[in-house]
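Subject: A structure for you to look at

Hi there,

I am passing on a structure that I would like you to have a look at. Please open it first, and then read my notes beside it.

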Amino acid sequence: MNTLVTVTHSGGVAVVTIDNPPVNALSPGVPEGILAAIGAIETDPSVVAAVVIGAGRTFIAGADIKELERAAHGDSAGPELHGLLQRIEDCPKPVVMAIHGTALGGGLEVAMAGHFRVASADAQMGQPEVNLGIIPGAEGTQRLPRLVGLAAAVEMCVSGKSIRATEALRLGLIDRIIEGDLLSGAIAFARDARIGLRTRERSDKLGWDASNAPIFDAGRELARKTRRNMVAPLAAIDALEAAATLPFEEGCRREREILRERLASDECRALIHAFFAERAVSRIADIPKDTPILPIRKAAIVGAGTMGAGIAMAFANAGIGVVLKDVDQAALERGMASIRKNYESSVAKGRFSRDIAEQRIASIHTETSYQGFEDADLIVEAAFENMELKKRIYAEIDGIAKPDCVLATNTSTLDIDEIASITSRPEMAVGLHFFSPANVMRLVEIVRGARTRKPVIATALALAKKLGKVGVVVGNCRGFVGNRMMLPYMREAQFLAEEGATPEQVDAALYDFGMAMGIFAVDDMGGLDVGWRVRQEYKHLDKPGVRAPLVLDKLYHMNRLGQKTGAGWYRYGGDRKPISDPEVEALIEKTAIEAGIPRRSIAAQEIVERCIYTLVNEGARILEEGYAQRAADIDVIYMTGYGFPAYRGGPMLYADTVGLKNVYARVREFHKHFGELWEPAPLLKRLAESGESFASHDNS
Ligand code: COA
């Protein structure tokens, strides 16, 4: 034993406590400690049974992902728990696993090697390895189906979702739910326990070939549908298939082989990057963790449109009371109707009860005046994207808000310093760029103005967490990080269309690459008027003589605004499914020919390279100019707000994976061919030439 794993005694029961904060991961020392504890239990004649429990907030939450990361980069062979699990299972005295919090991944695998599992009522269990691009690799694919059956095991390993204690009990994953104190319940259970068949000796739930085939087929179909382009979920099913067809030991060997392959994959490296990147964003170089945070108990929102209503729901869902203001009763009624509809659909889908929905609706008060704003801790301006309008609203709230009220603007592109300058307290102003639908999308860009106080940023970060969102601090440049990169991405897609690819071909190439949606479909969803309005704000910056997309404004003037008008880049029938429109294709072709743009057929690879590398090139500029703290922050923004596939790790990690030398070489070719918009970012050039990566470039 060691400091991470200790053994105490309660009557004849040995209590093995794992204490490796924050989540009792199986870091070096923990498996060794458990092994030593089991050894001591075996030889101590006063011990009749053992309970294994986690200290603090949880049972073991899995392998140490830092260790997995080392293995994924070839710096270690990866965790090896076979000996430990065998030893636990072979222990002649009953070993009872007492689960609270989350038993995840390697944690559940350790638990399944025990002779019994008991859990507190709010415990959860799962095999989330697929989220890291790997499979359960400590015999989970071999023991889980023996306990819960193949269908449930396939579902758990493909979805990566945890199940609750009641479901675990129903499936046979645990033996009892302990009400009240878990440890004393587990000790009492252990005293009476008698070892029957060990998990690895069981086969009653493994089915037979004919009954299993449809389970695996359905699992593979589910994996392809819900985890598009990913290998890990399919690989997990292969390993589960081995459980059904091979003896236990051989199945374990097969599982280890598959795990090794997955650990060495780009998919795994990208997803581990995504895991740590999402947790790193809240670490800001000059804002220490103990920076004071302003409590946000009451929020006020200006504007009950799509964004305002979505933001109101995000607050209500987190238990923060809201005053929602708009100019007239009709606008408020429209906003509340959409809020109500949204909550009703959540109730219908069983996400929460009607009572909860009613409580949340009741926590949103509507106002046509600034009544109720005076004691708000946070005011969010969510009006149209228009500088004059936003300044007018800021001037009005400046006269009403209490001195320590955080003044947030939900602008997606505008200069927040200019908006804040109208107030007497620009240091309290911050951008909170939510993404639509704001009650669903996880990303919030937290825009730091020139004078924003550190506690305001710390408060915004804490608020994002409270709302269940990922807050990424960005600098105040046009479009901040996400939309600034979107501009060249969208522009390039239009150039490709002018040069001969149809919108459908561009979208298909990007979708096949892994983007959640093609860019033209995204534009139609957001509305072409949104981009048009932003372009009017920035028209004065257009450089004469530089190539600009030609068709977008034409569509706008034809009132083809996207889904909302039934037509944009595509046509729409009754649903939101885009239908390619020969009228648009003809318009693009005619426009291109008139402008003297040569037309040709364009391969999917060129579409992907031009669209994705333009994101990367702009990302490199943003990073160098310090508007993002680290490349990983840009990745998080693209993965959580723009549908970039997590298994590619975000645009910057993707570029690192392709190799910056290769990306830079293509960017130079595009520069030569297509002109100044492709000028390589100096940082990209420098890192490519010195053989470095974006991951190594950190502004913090
Ligand atoms: N290995 C290493 N570090 C881990 C970890 C693991 N398995 N699980 C969590 N952590 C770290 C996080 O990086 C974070 O560190 P930080 O505070 O330095 O940023 C800290 O523990 C807290 O994690 P966080 O996710 O912020 O806390 P939470 O309470 O929101 O969630 C979990 C807790 C366990 C549900 C969540 O961390 C999780 O899902 N972990 C991954 C579990 C997993 O995939 N296990 C299978 C591996 S085989």
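Below is what I found, going from the overall layout to the ligand, the cavities and a few backbone details.

Please keep in mind that this is a predicted model.

**Layout**

The domain assignment splits the protein into domain 1 (5–264), domain 2 (298–476) and domain 3 (483–696). If you want a sense of scale, the C-alpha centres of domain 1 and domain 2 are 43 Å apart.

**Around the ligand**

Which residues come nearest to the ligand? Out of 19 residues around the ligand, these are Arg57, Ala61, Ala63, Ile65 and Arg279. Two of those five also turn up in the polar contacts, Ile65 and Arg279. In the case of Ile65, a polar backbone atom is 2.9 Å from a nitrogen atom of the ligand. For Arg279 the side chain is involved: one of its N or O atoms is 2.8 Å from an oxygen atom of the ligand. Arg283 also has a side-chain N or O atom at 3.3 Å from a ligand oxygen. On its own the ligand has 860 Å² of accessible area, and the protein covers 69% of that.

Helix α12 (residues 266–280) is a good place to start looking, as it gives the most to the shell around the ligand, with three residues. Sorted by class, the shell holds 11 nonpolar, three polar and five charged residues.

**Two cavities**

How many cavities of 30 Å³ or more does a search of the whole structure find? There are two.

The largest has a volume of about 50 Å³. Its lining is made up of Glu492, Phe495, Arg547, Phe674, Leu677 and Trp678. Four of these lining residues are nonpolar and two are charged, with no polar ones.

The second largest cavity has a volume of about 40 Å³. To find it, look for Ile296, Leu378, Val406, Val430, Leu432, Thr459, Ala460 and Leu463, which line it. Which element supplies the largest share of this lining? That is α18, with three residues. Both β15 (429–434) and α18 (454–466) supply at least two lining residues each. By class, seven residues of this lining are nonpolar and one is polar, while none is charged.

**Backbone details**

Most peptide bonds are trans, and most residues other than glycine have a negative phi. With that in mind, here are three places to check.

- The peptide bond from Pro21 to Pro22 is cis, and its omega is near 5°. You will find Pro22 in the loop between β2 (13–18) and α1 (30–43).
- Asn24 is not a glycine, yet has a positive phi of about 55°. Asn24 is likewise placed in the loop between β2 and α1.
- From Ser436 to Pro437 the peptide bond is cis, with omega near -10°. Pro437 sits in the loop between β15 and β16 (443–448).

One link is worth following on screen: β15, which comes before the loop that holds Pro437, also supplies at least two residues to the lining of the second largest cavity.

If you have time for one stop, I would begin with the ligand and its contacts to Ile65 and Arg279. Happy exploring, and do write back with any questions.

Best wishes

Notes
Residues are numbered from 1 along each chain as its sequence is written. This is a predicted model: local features need pLDDT of at least 70, side-chain atom pairs count only at pLDDT 80 or more; totals for chains, interfaces and linings use all residues. Side-chain values use heavy atoms; hydrogens and water are left out. On a 1 Å grid over the protein atoms alone, a cavity is a set of points where a 1.4 Å probe fits but cannot get out, and a pocket is an open set with protein on both sides within 12 Å along at least five of seven lines; lining residues have an atom within 4 Å of a point. Grid points are joined across faces, edges and corners, and a volume is the space filled by probe spheres set on the points. Ala, Val, Leu, Ile, Met, Phe, Trp, Tyr, Cys and Pro count as nonpolar, Asp, Glu, Lys and Arg as charged, and the others, Gly among them, as polar. Helices (H or I, at least four residues) and strands (E, at least two) are DSSP runs, numbered from the N terminus. A residue is near a molecule or strand if one of its heavy atoms lies within 4 Å of it. A polar contact is a pair of N or O atoms within 3.5 Å; within protein, one must be able to donate a hydrogen and the other to accept it, and residues adjacent in sequence count only if both atoms are side-chain atoms. Accessible areas come from the Shrake-Rupley method with a 1.4 Å probe; for residues, only the protein chains shown count as cover. Domain bounds come from an automatic or database domain assignment.
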